[in-house]
Amino acid sequence: MSNDIVGIDLGTTNSLIGVMEAGFPILLADAGGARLTPSVVHFLETGEPIVGAAAARMRPVDPRNTVYSAKRLIGLRGDDIPAEDLPNDYEILRQSGQALCIQIRNRLYAPEEISALVLAKLKRDAESALDRSVSRAVITVPAYFNDAQRSATKCAGEAAGFAVERIINEPTAAALAYGLDKLREKSRIAVYDLGGGTFDISILEMNEGLFQVLATSGNTRLGGDDIDAALVAHCNLPLPDWQKREIVIEAKHRLSTEDCVAIDVPFIEGKHLRYELTRAELEKLARPIVQRTRAHCLRAFADAKLKPTALDEVILVGGVTRMPLVRQFVAQLFGREPNTSQNPDEAVALGATIQAGILSGAVREVVLLDVTPLSLGIETFGGLMNVIIPRNSTIPIKAGEMFTTAVNNQRAMKLKILQGERELAADNWTLGRFEIEFEPAPKGVPRVGVQFEIDANGILHVLARDIRSGAEKIINLSSAVDVSDEAVEAMLADSLEHAFADMSERVWTETRLKSEEMLAAVTEAFAVAGEKLAPNEKRKIEEKAQAVREALQTHETGKLKAANAALDEATQELAALIVEQAMVVSGGKEKETLAPGTRNDE
Ligand code: AMP
């Protein structure tokens with residue numbers, strides 16, 4: 001067996017595979033000489049799968065039994081994706097809380113099984129081309145892919161017979177292919193990737209020999225397909241939709257280098273029809289689609305805290321960036337001509353191959369670092385999101401925090417692992433839940449350390465440890481398809497849209513928790529030292545406590561804060577009494593005691 005590691009671009013529409021040969025990355029072709037393998041699987045009546053170009057040819061003929069764009073489904077559950085965003089030519093079972101599933105005749109297939117079939121074909125083709133077996137691979141995924149999508153991609157690789165050495169982000173791979181590791185130290189690079197179905201923008205920094213991703217943004221449903229749909233509607237050819245699509249796509253490609261093309265429709269009602277399509281017409285249709293990438297680019301600049309002028313290089317990835325319109329748009333937005341030195345369709349696969357070469361020792365001196373696309377954390381008291389690893393943190397990363405209980409004699413802590421940018425846990429996505437048990441103790445006494453670790457593949461491992469007993473539990477989110485995920489960009493847009501309301505809700509919740517804590521403390525303090533208090537003092541505290549209870553009903557943060565402060569003020573004497581009493585009980589020795597009010601520090 002060889003020591004090769006192959007690099008694979010597992011694309012929505014097409015996939016490619018490459019290997020380092022004598023120090024150079026080369027992309028491998030199948031027996032027919034094609035380097036692009038359509039990511040399409042057709043199932044014969046016997047259930048036997050056909051993969052690649054032969055399957056793509058079956059798509060118009062037998063669409064119900066031909067699966068394409070499985071990458072859009074991988075690692076998602078029913079509620080993660082609206083029904084209208086799913087491919088609609090073949091049957092997809094979409095149930096709330098369940099992994100999406102493809103039904104072909106009487107058999108169900110997980111999306112990763114389809115990807116595994118595509119990967120297995122790439123493996124066979126590579127082995128024939130190299131005349132040796134290959135068993136290790138680096139596979140690329142969109143920067144947006146969450147933990148479940150990355151894990152499912154890794155599973156697909158394993159099912160195809162690969163040891164998956166790394167899952168890396170597509171834009172990061174592209175930067176390698178453009179040779180940007182050769183740039184001077186501290187270079188900043190934008191990777192503008194507009195493919196068939198997705199758009200990604202990433203800002204990378206080359207720093208002391210390391211590639212670091214400063215920010216990523218994009219849209220998982222924006223790309224060349226939208227331009228094709230607009231063209232099909234515009235051209236109105238007397239042909240079935242699939243045929244019309246094929247014809248206009250070819251015309252679109254030619255219009256990247258020609259100003260005007262003729263579209264020939266042979267033998268309709270005995271006539272031969274000829275249409276003309278100009279680049280200007282295409283650009284009129286494509287412009288609004290391309291302009292939708294602008295907001296994402298601005299968002300990435302804001303996240304990276306950079307101005308476009310601070311960039312040293314802008315590189316293009318994805319077939320659509322061959323269009324002159326896109327190149328002009330990028331040049332204008334970024335204030336510089338993009339680097340077009342590489343073939344944009346092959347850059348990701350080449351970069352994956354170079355990364356594979358780095359891992360196998362065939363290439364040295366470059367290390368890749370990626371970032372988390374969304375914040376990760378756990379739910380805390382009052383249903384708030386407590387961020388442990390913020391969005392855009394460089395991975396691999398390990399971070400942790402200590403938590404305690406809010407209720408006396410609690411025996412266990414339930415941990416809900418969240419991903420997202422919203423202040424309230426319920427608005428974020430739940431990646432998983434588990435429970436850690438411990439000896440019952442007064443509230444605030446148990447200590448549970450929670451550690452999040454994202455490994456080099458972007459896979460999340462969560463560890464919780466009861467500090468007293470040392471007992472620990474780990475959940476490893478690499479194998480289960482249990483991540484609930486909307487498109488990342490929708491989450492970001494929501495977090496911006498609701499930023500003000502979310503923040504007010506967080507402040508309200510925190511104030512409410514404070515009120516509840518104070519009211520409980522007052523009740524306990526009355527039980528311990530109530531009768532020692534002058535009746536008018538006691539009445540004053542009761543009034544203030546009642547005012548807090550009433551303010552709790554209003555959902556007005558300012559009112560509740562004022563009521564909390566007044567109650568805190570009114571309980572000073574009671575607090576002093578309790579401290580005094582505790583000193584007497586413990587014979588003047590220092591002892592932890594129950595204080596009814598804690599200062600309301602604002
Ligand atoms: P990718 O996902 O990177 O393979 O990009 C595929 C998309 O690029 C499809 O929408 C193709 O139609 C489009 N594409 C490929 N070549 C060209 C070209 N020469 N001009 C315009 N669009 C192209």
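Me: I have the structure open at two helices. In which hand does α13 pass α14?

Reply: Good place to start, and do keep in mind that this is a predicted model. The general idea is to look at how the near helix is turned relative to the far one. Here, α13 passes α14 in a left-handed crossing.

Me: Where are these helices, and at what angle do their axes cross?

Reply: Helix α13 covers residues 535-552 and helix α14 covers residues 557-570. Their axes come within 9 Å and cross at roughly 160°. Since angles over 145 degrees count as roughly antiparallel, α13 is roughly antiparallel to α14.

Me: Which residues of α13 and α14 meet?

Reply: From α13, the list includes Glu537, Lys540, Ile541, Lys544 and Val548. From α14, the partners include Lys559, Leu560, Asn564 and Leu567. Sorting such a list by residue class is a handy next step. For α13 with α14, the contact has 11 nonpolar, 1 polar and 4 charged residues.

Me: Let me try the method on another pair. How do the axes of α7 and α9 cross?

Reply: Helix α7 spans residues 279-291, and its axis comes within 9 Å of that of α9, with a crossing of roughly 45°. That angle makes α7 oblique to α9. As for the hand, α7 passes α9 in a right-handed crossing.

Me: Which residues of α7 and α9 meet?

Reply: On the α7 side you will find Arg279, Glu283, Ala286, Arg287, Val290 and Gln291. On the α9 side they meet Pro324, Leu325, Val326 and Phe329. By class, the contact of α7 with α9 divides into 6 nonpolar, 1 polar and 3 charged residues.

Me: Now let us zoom out. How many helices and strands does the chain have?

Reply: The chain comes to 15 helices and 29 strands. Buried residues make up 51% of its 602 residues. You can also ask how far apart in sequence the contacting residues are. Among contacts with a separation of 6 or more, 65% are between residues 24 or more positions apart.

Me: I tend to think of charged side chains as being on the outside. Is Lys123 buried or exposed?

Reply: The way to read this is through relative accessible area, where under 20% counts as buried. Lys123 has a value of 15%, so it is buried. Its place is in helix α2, residues 111-130. Leaving aside neighbours within four places in sequence, Lys123 is in contact with Ile17, Val134, Ser135, Ala160, Gly161 and Phe162.

Me: And Glu346, is that residue buried or exposed?

Reply: Glu346 counts as buried, at 15% relative accessibility. This residue lies in a loop, between α9 (324-334) and α10 (347-360). Beyond its neighbours within four places in sequence, Glu346 is in contact with Leu16, Leu27 and Arg35.

Me: How should I read phi in the loops? Which sign does it have at Asn236?

Reply: The general idea is that most residues other than glycine have a negative phi. Asn236 has a positive phi of about 45° although it is not a glycine. Look for Asn236 in the loop between α5 (224-235) and α6 (241-254). At 58% relative accessibility, Asn236 counts as exposed.

Me: What is the phi of Asn409?

Reply: Asn409 has a positive phi of about 60°, and it is not a glycine either. Asn409 sits in the loop between β24 (397-403) and β25 (410-419). With 51% relative accessibility, Asn409 counts as exposed.

Me: Which residues does Pro440 contact, leaving aside its neighbours within four places in sequence?

Reply: Pro440 is in contact with Asn409, Gln410 and Arg411, so the loop residue we just discussed turns up again. Pro440 itself is in strand β26, residues 429-441. Its relative accessible area is 31%, so Pro440 is partly exposed. To compare sequence with space, take Pro440 and Asn408: they are 32 residues apart in sequence and 7.8 Å apart in space, C-alpha to C-alpha.

Me: One last thing before I go back to the bench. How many disulfides are there?

Reply: The idea is to search for pairs of cysteine sulfur atoms within 2.5 Å. A search of the whole structure finds 0 disulfides. For individual cysteines, you can again turn to accessibility. Cys101 counts as buried at 17%, while Cys260 counts as partly exposed at 35%.

Methods. Residues numbered from 1 in each chain as written. Predicted model: local features only at pLDDT ≥ 70, side-chain atom pairs only at ≥ 80, totals over all residues. Heavy atoms only, no water. Buried < 20%, exposed > 50% of the residue type's maximum accessible area, 1.4 Å probe, protein only. Helix = DSSP H or I, 4+ residues; strand = E, 2+ residues; numbered from the N terminus. Contact = heavy atoms within 4.5 Å. Axes fitted to C-alpha atoms, helices over the stretch in contact; angles between N-to-C directions. Parallel < 35°, antiparallel > 145°, perpendicular 65-115°, else oblique. Nonpolar A, V, L, I, M, F, W, Y, C, P; charged D, E, K, R; others polar.
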